[in-house]
Amino acid sequence: MSDTELNRGLEGVTVAETRLSRVDGEAGELVIGGFPVAELATRASYEETLHLLLEDRLPSATELAAFRADLADRRIVGDEVHAVLGRAAAEDRPAMDALRMGAAAANLGTDAGGDEADARRIVAVFPTIVAAYWRYRQGREPVAPRSDLGHTANYLHMLTGEQPSEAAVRGLETYLNTVIDHGLNASTFTARAVVSTESDLVSAATAAVGSLKGPLHGGAPGPVLDALREVHESGDPEGYVRAKLDAGERLMGFGHRVYRVRDPRAAVLSTAAERFYDTAGDADFFAAAKAYEEVAVDLLAEHKPDRKLATNVEFYTAALLHGIGVPQPLFTATFAVARAGGWMAHALEQKSNNRLVRPVGRYVGETGRSWTPVDER
Ligand code: ACO
């Protein structure tokens, strides 16, 4: 590629081969480890999906039991990490900052087990870190992980100290599976770029957390919930959307770099949320969310006729996580809990067929300057 071809944001540039997931932005299709997202997300446990990504096949019953037990064994974090999380909570730092700090120390106190061990450890401790931080923020003691619970149920248990309902576990499991991997999004690319220097997986995970934090990537569902609450209260989605667009603001939960149709993950999560709200949630709130989506899509088409702006994954993420009872300040960190599996699988894949990531920038600065001593400037 010559230096004259500028690809801002690497849009449309293929930089790696991956067997992990395929995103078809025109057709609105997502395949994870060979399965259409809807089929996998609604049936698998998170451990099964993670095994699929790491090993390229679903586990047998025996393998699954061993894999679950191995992950459960890696859940506990040391006192040093608790001290950092307690401090982050006391200083009211966002959950993603706490997760970044906790992730950086994830393999402290463990035997150096190599990349595979680091990958499993990262995935296993993310829920522990997020939940402990949250408990500290509530002025409460963290809840110890329970090794008899699966990854998803244990996360909910550590957040609340209670046995989660089956509906909440299924809803969250569907969410975690749905967003575990999604091509070379910014945070996944970040993870791959880090290990491409032959750095380690904990560094990759820490950098990826930083990348996911931004509102253009993983930071959207919190503001989406604000919008859902506002339109539910006012009953005037049109007024809300027009006011936002007139103010030149973006509507969170809509638009995507790759999808030009409705994000297939929005469909999976909308169905999961509907199921949850019908049986265990505030059905009126969910009805308001659906009505808002319809109005927003219509008005976005009016606002930007040349750019198809459809519902993205974050819209129903907000509705579903809120319904299940995941606190709003933890939405992005819960996304990281899910995506950690994808990051680690990509980091291992990158390592197995590595090429140092090193794009070029087009220089647009001055040339031919000559040095002036400081007392003459
Ligand atoms: N609301 C209003 N206008 C929008 C929106 C939106 N949600 N999204 C894009 N646009 C407009 C832009 O203002 C831009 O208009 P302009 O050409 O007049 O400046 C045009 O559509 C094209 O937008 P881009 O920024 O070029 O699109 P890009 O591919 O870079 O953006 C993105 C994708 C960042 C997701 C964008 O749609 C957005 O900001 N959405 C809201 C935030 C959000 O929901 N993020 C979560 C994404 S999903 C995920 O990462 C897991």
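**A three-stranded sheet and the ligand shell**

In β3, Phe35 is the bridge partner of Ile32. The model is predicted, so local features need pLDDT of at least 70 and side-chain atom pairs pLDDT 80 or more, while totals for chains, interfaces and linings use all residues. Residues are numbered from 1 along each chain as its sequence is written, and side-chain values use heavy atoms, without hydrogens or water.

The pair Ile32 and Phe35 belongs to the junction of β2 and β3. Strand β2 covers residues 29-32. It is joined to β3 by 2 bridges, and the two strands run antiparallel. On the other junction, 4 bridges connect β1 with β2, again in antiparallel fashion. Here Arg22 has Val31 of β2 as its bridge partner. The hairpin of β1 and β2 has 4 residues between the strands. Within this hairpin, Gly28 adopts a positive phi near 70°.

Together, the 3 strands make an open antiparallel sheet with the order β1-β2-β3. Strands are DSSP runs of E with at least two residues, numbered from the N terminus, and pairing requires at least two bridges. Strands β1 (21-24) and β3 (35-36) stand at the edges. Each has a single partner strand, so one side of each lacks a neighbour in the sheet.

The ligand has 21 residues around it (a heavy atom within 4 Å). Arg250, Leu251, Gly253, Phe254 and Lys304 come nearest. By class, the shell holds 11 nonpolar, 5 polar and 5 charged residues. Asp, Glu, Lys and Arg count as charged; Ala, Val, Leu, Ile, Met, Phe, Trp, Tyr, Cys and Pro as nonpolar; the others, including Gly, as polar.

Polar contacts (N or O pairs within 3.5 Å) involve both backbone and side-chain atoms. A polar backbone atom of Leu251 lies 2.7 Å from a ligand nitrogen. For Phe254, a polar backbone atom is 2.8 Å from a nitrogen of the ligand. Asn312 places a polar side-chain atom 2.9 Å from a ligand oxygen. The ligand alone exposes 920 Å² (Shrake-Rupley, 1.4 Å probe). The protein buries 76% of that area.

Note on methods. A polar contact is a pair of N or O atoms within 3.5 Å; within protein, one must be able to donate a hydrogen and the other to accept it, and residues adjacent in sequence count only if both atoms are side-chain atoms.
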